[in-house]
Amino acid sequence: MLDTAGKLLEKMVRPRLLTAFQAAGDLLDRQFGFRRGRSTVDALRMIIETADKAETGNRHSWHVVLVATLDVRNAFNSVSWARIFADLENTFQVLDYLLRIMEDYLSDRVLVYDTAEGRRKRKVSARVAQESILGPDL
C-alpha cells in the first residue's frame, strides 16, 4: 500500500508526466482503459459502429470485421521499472529532472511482509504500488 506522502508526490508529478505523454503524441487513440473521458462503453460503442458500417449495402459488399482485445494479466504486478524508465526517456522524452524524480522515487524499495516463520523482506524492482495514482499511467 502506498503511504500518504507517496500519493502526494505522485499527485504532483502526474500532470507533468501527462504533459510529456501528450507532447510525444500521447497514448494510442484506441486505448480505453485508465484514460480520462474513455471507458469500456466507448470501446464497445466503437465496435458496434464499425460493425454497422461494415454491414451497409447488400451482403455481397459487406466488409469483414475482426475484433482483437488485449487485457494484460497481472500487468500492475509485472511491469519492470527499467522498462518504465526506458519508455519515459526514449518514447516520451520526459525531462531529465522528472526522470530523476521517478528513478529516485522507485529506487531502493523493499516489500515487508509477515509469515508464519516471522517477518520477511524482499527487494522490489517491478510492480506498481496498490493505490498508486501514477500506476495506470505508468
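These legends describe close-up views of a predicted model.

**View 1. The largest nonpolar core joins residues from several helices.** This core has 18 residues. Those with the most contacts inside it are Val13, Leu17, Trp81, Leu88, Val94, Met102 and Leu106. Three elements give two or more residues each: helix H1 (4-23), H4 and H5. Helix H5 provides the largest share, with 5 residues.

**View 2. A patch of negative charge sits on the surface.** Glu89, Asp96, Glu103 and Asp104 gather here. Which helix gives the largest share of the negative patch? Helix H5 (residues 96-106) does, with 3 residues. Asp104 is placed in helix H5. Its relative accessible area is 57%. Asp104 counts as exposed because that value is over the 50% cut-off. Helix H5 thus appears in two views: it gives 5 residues to the largest nonpolar core and 3 residues to the negative patch.

**View 3. Asp42 and Arg45 form a salt bridge within helix H2.** The closest N and O atoms of Asp42 and Arg45 are 3.0 Å apart. Both residues lie in helix H2 (residues 40-54). They are 3 residues apart, about one turn of the helix. Are these two side chains buried, partly exposed or exposed? Asp42 is partly exposed, at 23% relative accessibility. Arg45 is also partly exposed, at 44%. Both fall in this class because buried means under 20% and exposed means over 50%. The model has 5 salt bridges in total; this view shows one of them.

**View 4. Arg83 and Asp87 form a salt bridge within helix H4.** Here the closest N and O atoms are 3.1 Å apart. Arg83 and Asp87 both belong to helix H4 (residues 81-91). The spacing is 4 residues, about one turn of the helix. Arg83 is exposed, with a relative accessible area of 52%. Asp87 is partly exposed, at 25% relative accessibility. Helix H4 is also among the elements that give two or more residues to the largest nonpolar core.

**View 5. The side chains of Arg119 and Asp114 meet in a salt bridge.** The N to O distance is 3.0 Å. Which class of accessibility do the two partners have? Arg119 is exposed, with a relative accessible area of 60%. Asp114 is exposed too, at 56% relative accessibility. Asp114 falls within the range of strand S1 (109-115).

**View 6. Gln93 has a positive phi in the loop between H4 and H5.** The phi of Gln93 is about 45°. Gln93 is not a glycine. The residue is exposed, with a relative accessible area of 51%. Gln93 counts as exposed because the value is over 50%.

**View 7. Asp108 has a positive phi in the loop between H5 and strand S1.** What is the phi of Asp108? The angle is about 55°, although Asp108 is not a glycine. The loop that holds Asp108 leads between H5 and strand S1 (109-115). Asp108 is exposed, with a relative accessible area of 68%.

Key
Residues numbered from 1 in each chain as written. Predicted model: local features only at pLDDT ≥ 70, side-chain atom pairs only at ≥ 80, totals over all residues. Heavy atoms only, no water. Patch = residues over 30% accessible without salt bridge, like charges linked within 9 Å, V, L, I, M, F, W, Y side chains within 5 Å. Areas by Shrake-Rupley, 256 points an atom, 1.4 Å probe, with all protein chains shown as cover. Salt bridge = Lys/Arg side-chain N within 4 Å of Asp/Glu carboxyl O. Lys, Arg positive; Asp, Glu negative; His and termini not counted. Charge placed at Lys NZ, Arg CZ, Asp CG, Glu CD. Buried < 20%, exposed > 50% of the residue type's maximum accessible area, 1.4 Å probe, protein only. Core = buried A, V, L, I, M, F, W, Y, C linked by side-chain atoms within 4.5 Å.
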